[in-house]
Amino acid sequence: MKKIKIQPYFIALLVLLLSVVCLAVGFGTAKPASAETTRTSERLYYHPYLSGYSVEMDIKSDRSIAVTEDITVYHYNNTGFIRDIPVNAGEVIKNVKVCEITSGVPTSVYYDIFVEDNSFLSIDIGDSRYKNDEHTYRITYDYCMTKAQEGANKLALTPIGTGWPCEIANISFIIKLPEGYIKDSVSCFYQAESGDDVVKLEPTTETIDGRTVISYVENKYVISDYALRVDLEFEEGALTTYFDFTPYWFIIAAAVILFILVAVKFLCFNKNSLTPYVNFDAPNKMSPLLMGKLIDGKIDSEDITSMIFYWADKGYLKINFDDQRDPTLIRIVRALPQTAPDYEQIMFAELFNGLDAIKPSFLRNRFYITTDKVTRMLNSKTKGLYERKSVILSCIFAIIAGLMLGITPMLLTLFQISVRYFVFAPFIAVVPLLFVYVFSTCLANNKFKTKKSAKILLVCLAAIIGAFLTLFYTVFVPSFIFGIIPKILLCLITCVTVGTSVIIVSRTKEYTQQLNEIVGFKNFIELVEKDKLEKLLEEDPEFYYHILPYAQVLGVSDKWEEKFKDITVRPPEWATCSTTDTLLNFYILNRVMHISMSNMTANMVSRPNSSGMSGGGHGSFGGFSGGGHGGGGGRFR
């Protein structure tokens, strides 16, 4: 037989072919990695997750729960996480603390507390050095329920809620119950965030140290959109709702401030009270300008223009009403008497500015420089109308009352929640309180001049601001700090205190005397009878025009005019017109004076570009967490 010789290269080719076949068979028969294995690999190396979540709840009969959460976090390229605790059902959070558990021993760790949404209290936890490793954190806090939304004898809890952006492993909880629990009434299940998909669980119930304890351990992974829910039932009257009296101490403190305010007023600043007496003429021969300043503490546009008719009544000038809208002012004297106050002399001199006659339109956007100068001079001469101590105390009481709105939540958070949580936003409430104080001051200063309708308007504006403040405060101050009722009470007392703090402001003895005479004079204008007026007119035929400038600055010119509707009054000697007979009609003259005064005011106090006082009508005569409490979720930084 002939021997067949096999070439070496043929053997090598055969070996290569067999190797390829074996590899193909091997890959074809190999089992694929399980989905769980793949998912675990991704979990361990490609994103952060929770590798342990243990919750212990110690429930009291008043629905307050001491909560301890041990959360083990695998950090993957991140520096920490945020735990969001839901507080959208009237829960109060207290005593928040965080530590890290290292080898079973609590150690300090960085954490901060903040609020982005009033529905959650957020805790930022973790050190910037923690990356790609596991750390266990312990969060402890008191979770106090002020409402029984699920029923008076039921309690719905969510030890672990939805809201985590990862899967959670090794879940467990222990719930210690108060007396009154109905045996075997527990219902435990996983519930999807939608609320439809429910997976029932079988927790363990036992008695430890005389207390019923319900527990559950789950070593599987739970996907993030499922919450662990526990429903419990109790005997009638076994449960109440949590009530915290602490905020009411601040309300009591605010009420004490208000009481002290009133006491200080009546004990220390009640000496110079007004006792006005009737005056038939301007007290101490004072000008309308000075009277206008003293009656309400400021110089108005009508106070300035009233001097035109005052000087006319004194015989220093005449007024020609041929042009009713722009009457001509004719100077009779070159200068006022030396006995006239310096601010009056300056005003008169700069009114005419060397001319013998002027029209008010000539003063437009010019004369305001003089009115500013006169205002400064008169304000300087009338300083010290109020006792300095009373003004300072009024401001102090208003500031203290206003700060109560900011101090109360700040101290409650620092001492009851955590020293890591600072609340500064409520201090914004001081701003609207400033308006309350301003309106109250205006009301107090203008009470002798302002009409009743204007006073009611000021009171309504202050009340509207107070209502807006209360709404703002109740919405933006989280209810987990303190409840709606104490917030409303605190706002109410604070607004009242700020608004009434102006009652402390006390006039000096000299100012009180002046005001007694001015108010008495005003009372005469308002209350004088017809027969008395007729007698006064017999003595002084121009008595009506003599009083008119004062009636204007006192805000009672309409009442003064009304009193003379049935009395014959001749026109004043200082009023001229080419149609003299027309001025003999009292009502026509008053109408002309109405128009003239309004336009004179507009011109004498007008400013360029509408800055400062503008011309106007001041000068006219007359004139989800699983459905139960707790739960929530978290997020990674």
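Val-438 comes out as partly exposed, with a relative accessible area of 43%. The model behind this and every other value here is a predicted one. Val-438 sits in helix H9, and its C-alpha atom is 9.7 Å from that of Val-498, although the two positions lie 60 residues apart along the chain.

Helix H9 also turns up at the largest pocket, where it gives the most to the lining, with 8 residues. What is the volume of this largest pocket? It comes to about 770 Å³. The lining takes in 44 residues, and the ones closest to the centre of the pocket are Ser-440, Leu-443, Ala-444, Val-502 and Ile-503. Several helices share in this lining: the elements that give two or more residues are H4 (288-296), H8 (388-417), H9 (430-445), H10 (452-476), H11 (484-500) and H12 (509-527). Sorted by class, the lining of the largest pocket holds 26 nonpolar, 13 polar and 5 charged residues. As for how such a space is found at all, rolling a probe the size of a water molecule over the atoms shows where empty space is left.

Away from the pocket, a good place to pick up the strands is E10, which spans residues 171-176 and contains Ser-172. Is Ser-172 buried or exposed? Ser-172 counts as buried because its relative accessible area is 17%, and the cut-off for that label is under 20%. Its side chain makes a polar contact of 3.3 Å with the side chain of Ser-54. Setting aside residues up to four places away in sequence, Ser-172 touches Tyr-53, Ser-54 and Val-55, along with Tyr-216 and Val-217. Ser-54 therefore appears both as a neighbour of Ser-172 and as its partner in the polar contact, with Ser-172 itself buried at 17%.

Strand E10 has a pairing partner in E14 (residues 211-218): the two run antiparallel, over 6 bridges. One of the matched pairs is Phe-173 with Tyr-216 of E14, and Tyr-216 is also among the residues that Ser-172 touches. E14 pairs with E13 (residues 204-208) too, again in the antiparallel sense, this time over 5 bridges. Here Thr-205 has Ile-214 in E14 as its bridge partner. E13 and E14 make up a hairpin with 2 residues between them, and Asp-209 in the turn has a positive phi of about 55°.

Next comes strand E11 (residues 187-192), which is largely enclosed by the rest of the structure, because 5 of its 6 residues are buried. Which strands does E11 pair with? One is E15 (residues 226-233), joined to E11 by 6 bridges in an antiparallel arrangement, with Ser-187 standing opposite Asp-231 in E15. Another is E12 (residues 198-201), which also runs antiparallel to E11 and is linked to it by 4 bridges. In that pairing, Gln-191 is matched with Val-198 of E12.

An open sheet is built from 4 strands in the order E18-E17-E16-E19, with mixed pairing. Its edge strands are E18 (357-358) and E19 (575-576), each of which pairs on one side only. Strand E16 (residues 317-320) and E19 are parallel to each other, over 2 bridges. Thr-576 in E19 is the bridge partner of Asn-320.

Two further residues round out the picture. Ala-66 is part of strand E2 (residues 64-75) and counts as partly exposed, at 30% relative accessibility. Its C-alpha atom is 6.3 Å from that of Tyr-143, with the two residues 77 places apart in sequence. Apart from its neighbours within four places in sequence, Ala-66 is in contact with Glu-56, Met-57 and Asp-58, and with Tyr-141 and Asp-142.

Gly-634 belongs to strand E20 (residues 633-636). This glycine is buried, its relative accessible area being 3%. Once residues up to four places away in sequence are left out, Gly-634 touches Ile-82, Arg-83 and Asp-84, as well as Gly-163, Trp-164 and Pro-165.

Terms used:
Residues are numbered from 1 along each chain as its sequence is written. This is a predicted model: local features need pLDDT of at least 70, side-chain atom pairs count only at pLDDT 80 or more; totals for chains, interfaces and linings use all residues. Side-chain values use heavy atoms; hydrogens and water are left out. On a 1 Å grid over the protein atoms alone, a cavity is a set of points where a 1.4 Å probe fits but cannot get out, and a pocket is an open set with protein on both sides within 12 Å along at least five of seven lines; lining residues have an atom within 4 Å of a point. Grid points are joined across faces, edges and corners, and a volume is the space filled by probe spheres set on the points. Ala, Val, Leu, Ile, Met, Phe, Trp, Tyr, Cys and Pro count as nonpolar, Asp, Glu, Lys and Arg as charged, and the others, Gly among them, as polar. Buried means under 20% relative accessible area, exposed over 50%, partly exposed in between (1.4 Å probe, protein chains only). A polar contact is a pair of N or O atoms within 3.5 Å; within protein, one must be able to donate a hydrogen and the other to accept it, and residues adjacent in sequence count only if both atoms are side-chain atoms. Contact means heavy atoms within 4.5 Å. Two strands pair if DSSP finds at least two bridges between them.
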